[in-house]
Amino acid sequence: MPAANNSIPATAKDARQPRPATGFLASGLGVALFSSAVFGLSGSFGKALLETGWTPGAAVTARLTGAALILAIPAIPALRGRWHQLKDNWITILLFGLIGVAACQLFYFNAVERLSVGVALLLEYLAPVLIVLWLWVASRRRPRPLTIAGTLLSLAGLVLVLDLTGAVKIDFVGVLWGLAAAVCLAIYFFITAKENDTLPPIVLASSGLLVGAALMWLAAATGLLPMAFSTADTKLGPWVTPWWVSVAGLVVLATVLAYVSGVMAARALGSKVASFVSLTEVLFAVIWAWLLLGELPGPIQLLGGALIVGGVILVRLDELRLASQVQPDAAASVAAKVLDHANDVEPLCRTAPESLAKK
């Protein structure tokens, strides 16, 4: 910095600096909590449809198709005629649509069909733990003590969530679907760990949703994916509503508004802080399922859920400490980048990675 700038009085410097926005919403925290709240609605709206005869594939396809069409409205102007960006990033878009959108959501909805919404989401939340275990095996380097503690805490929470000795036996097929969703989510984080500033986030989301929807329709047309819709009324809490109300809620609230508010929160808070706030999605999902579906995990499962979230927080804290230090080698740098996205729970529209949140 030139020496002349050092002679400017502090008050003059302060006057030149823009005043930070104040207030709960202006800080970005309110937007982040709103994003978590509407994300938490997806399981309740989806299960309301499943209970009337919709298949998981049909619910996911309706969600992806509707959201892709709505987000295409702002995505096309965001490209500014640079259609070559889609061609240049076709592999990223394809993987995003196949794994981060179609597979992860389909597996999660299959889990919701057999389990309570809260338990299904907690199983998906094990993705950061799977990432830690995979990096441990692949690099043959033992994680730091705090990461090990967080992993063990989450695994202990998983045992409690499954409630193996409880009176109500849990559906293990549903558990396998939930774990499959966690695996897809972990793979998605490895994909998005690569820096990519060439696509606006709204374009990546819209194109990924479109690819995911196209794959779902193709799988249905070839008979690989059962697809059944129903026009029967859905039940949400004390209200009986037409089927399209749940579909609209799934598309508009739990996908479009959730994604847009998630990006706004990431830009206001930064991806690290925003991903911490996103942990409240589990709490919102349990509350919505209780209010709209009459579902509430048992005390043991709630305790297990608290341990899983607590373990994820410990892993996250250790990652933040690692990122603040000088990386000893490339492997540690890659691990830090992957774990930087390890709490972005819903990949199809959860808080955008920091590289995607930039204009």
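This short talk covers aromatic pairs, one bent helix and two cysteines. Keep in mind that we are looking at a predicted model.

Let's start with the aromatics. How many aromatic pairs does a search of the whole structure find? Five. I'll take two of them.

Pair one is Trp-54 with Trp-243. The ring centres sit 6.2 Å apart. The planes meet at 35°, so this pair counts as tilted. That angle falls between the cut-offs, under 30 degrees for stacked and over 60 for edge-to-face.

Where are these two tryptophans in the chain? Trp-54 is in the loop between helix H4, residues 41-50, and helix H5, residues 56-79. Trp-243 belongs to helix H13, residues 243-269. The two are 189 residues apart, and the pair links distant parts of the chain.

Buried or exposed? Trp-54 has a relative accessible area of 4%, so it is buried. Trp-243 comes in at 30%, so Trp-243 is partly exposed. The cut-off for buried is under 20%.

Pair two is Tyr-108 with Phe-109. Here the centres are 5.8 Å apart. The planes are at 70°, so we call this pair edge-to-face. Tyr-108 is buried, at 2% relative accessibility. Phe-109 is buried too, at 1%.

Back to the tryptophans for a moment. Trp-54 and Trp-243 are part of one aromatic cluster, together with Trp-217 and Phe-229.

Next, helix H5. Does its length agree or disagree with what we expect? H5 has 24 residues, and at 1.5 Å a residue it should span 34 Å. The expected span uses one less than the number of residues. The C-alpha atoms at its ends are 33 Å apart, so the two values agree.

H5 does have a kink, though. The bend is about 45° and lies at Ala-72. Pro-74 follows shortly after that point. Then, just after H5, Arg-80 takes a positive phi of about 55°.

Last topic: cysteines. How many disulfides does a search of the whole structure find? Zero.

Take Cys-104. Its nearest cysteine sulfur is that of Cys-184, 5.8 Å away. A disulfide needs the sulfurs within 2.5 Å, so this pair does not qualify. Seen from Cys-184, the nearest cysteine sulfur is that of Cys-104.

Are these two cysteines buried or exposed? Cys-104 is buried, with a relative accessible area of 0%. Cys-184 is also buried, at 9%.

To recap: a tilted Trp-54 and Trp-243 pair, a kink at Ala-72 in H5, and zero disulfides.

Note on methods:
Residues numbered from 1 in each chain as written. Predicted model: local features only at pLDDT ≥ 70, side-chain atom pairs only at ≥ 80, totals over all residues. Heavy atoms only, no water. Phe/Tyr/Trp six-rings, centres within 6.5 Å; stacked < 30°, edge-to-face > 60°. Helix = DSSP H or I, 4+ residues; strand = E, 2+ residues; numbered from the N terminus. Buried < 20%, exposed > 50% of the residue type's maximum accessible area, 1.4 Å probe, protein only. Bend = angle between axes of the 7 residues up to and from the residue.
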